[in-house]
Amino acid sequence: VRFASDNNAGVCPEVLAAILAEAERSDAAYGWDQASARLEQRLSEVFEHPVLAVPVATGTAANALALAFTNPVWGGVLCHQDAHILVDECAAPTVLGGGLTLVGTPGPNGRLSVQGVEDALADRRDSGVHTVPVTGLSLTQSSEAGTRYPPGELAALGELARRHAMRVHMDGARFANAVAAAGTSPAELSWRAGVDVLTLGATKDGALAAEVIVVFADDLRRRGEELERLRKRSGHLLSKQRFLSAQLEAWLLDGAWLRHADHANTLAADLAQGLRSRGVEVLHPVEANMVFALLSSEQHQAAQAAGAVYYTERPRGRRAGEDRVEARLVTSWSSTMSEVDEMIRVIGSA
Ligand SMILES: Cc1ncc(COP(=O)(O)O)c(C=O)c1O
């Protein structure tokens, strides 16, 4: 029973086959290869918009480079207080962004709201040259709490960002899960809602290691060489980039990315429903592939004894004195229904 992380899953057959096929070939280095050219074309089709596609090997590199590219060194990026860019990237966006500031803001269920962003902006003191101006807005889709921004809410945030001259970055480490669950087009959840640059992650959804910075905004695409130089000088330009591109191409082909994400989402929904039916409190709406469950210490111990693997946190700042633990249960493309059933059974019997 493995629910620790979608990063713990293996490599899906489509991606593995593409790596093996690419391994038989020889092609140009540093992104001048055929797979990279095809990938950009493929992404333009998937997103129904011309894009600049810049593949990298990690989500942290993708986020940090995208933010460094879209904000001035003196700028500030507003994000959720639990955003990966703020709490899980060891200040990479600040390092690659030449001192870029990240401004964490609260919001229920891992999401920012229009009102929350308006309030955060209104709360910031403006002393001209002495203060950091907010130049960017970063949204995680699907969020760190396993929730999604519906297209309407996203468009309202995009509109707000435009009014305040903020660039919009989307951390799409789990964008596939959001698209699969929303049943709307990738375009609807990105550039049509005002997203300027998306970091699209494949690693958690079946790739070996492949993420891609997808640039939509016309002016940013024209400045693409700056992004290329940022990537090179930070050491994230792979000579054998074609192996990143081949992974991403195979992942997108025939909707494999959405099939795998849908599988993970469906199992998360089943897991949440099963746990709720056993009286377990589930903390956030389950809208992608993560379930946050409050387990009693007996349930937690029983699950551990049965060999279940997942991360835990003490419930943050709530229910002081109680001993329930917050279990973060993440499903992936390789999770199985029997793992879900076993988890529900063990928790139910405790
Ligand atoms: C929301 C989010 N963004 C980005 C990442 C990418 O991180 P990494 O640099 O580990 O690939 C992760 C991985 O856990 C994540 O959860």
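Q: Which residues lie nearest the centre of the largest pocket?
A: In this predicted model, local features need pLDDT of at least 70, side-chain atom pairs count only at pLDDT 80 or more, and totals for chains, interfaces and linings use all residues. Residues are numbered from 1 along each chain as its sequence is written, and side-chain values use heavy atoms, without hydrogens and water. The largest pocket (an open set of points on a 1 Å grid over the protein atoms alone, where a 1.4 Å probe fits, with protein on both sides within 12 Å along at least five of seven lines) is lined by 40 residues, each having an atom within 4 Å of a point. Nearest the centre of the largest pocket lie Asp 82, Glu 144, Ala 145, Phe 292 and Arg 328.

Q: Which elements give two or more residues to the lining of the largest pocket?
A: Elements are DSSP runs numbered from the N terminus: helices (H or I, at least four residues) and strands (E, at least two). The helices concerned are helix 3 (59-70) and helix 4 (84-87). The strands are strand 9 (290-295), strand 10 (311-313) and strand 11 (325-330).

Q: What is the volume of the second largest pocket?
A: The second largest pocket is lined by 16 residues, and those closest to its centre are Tyr 30, Gly 31, Glu 228, Arg 231 and Gln 241. Its volume is about 350 Å³.

Q: Which element gives the most to the lining of the second largest pocket?
A: Two or more lining residues come from each of helix 2 (34-47), strand 1 (52-56) and helix 10 (224-233). With four residues, the element that gives the most is strand 1.

Q: Which residues come nearest the ligand?
A: The ligand has 13 residues around it, each with a heavy atom within 4 Å. Those that come nearest are Gly 59, Thr 60, His 84, Asp 171 and Lys 204.

Q: Which residue has a polar side-chain atom 2.7 Å from a nitrogen atom of the ligand?
A: A polar contact is a pair of N or O atoms within 3.5 Å. The backbone of Gly 59 places an N or O atom 2.9 Å from a ligand oxygen, and a side-chain N or O atom of Thr 60 is 2.5 Å from an oxygen atom of the ligand. The partner of the nitrogen atom is Asp 171.

Q: How much of the ligand's exposed area does the protein bury?
A: Accessible areas come from the Shrake-Rupley method with a 1.4 Å probe. Taken alone, the ligand exposes 390 Å². The share of this area that the protein buries is 79%.

Note on methods: Grid points are joined across faces, edges and corners, and a volume is the space filled by probe spheres set on the points. A polar contact is a pair of N or O atoms within 3.5 Å; within protein, one must be able to donate a hydrogen and the other to accept it, and residues adjacent in sequence count only if both atoms are side-chain atoms.
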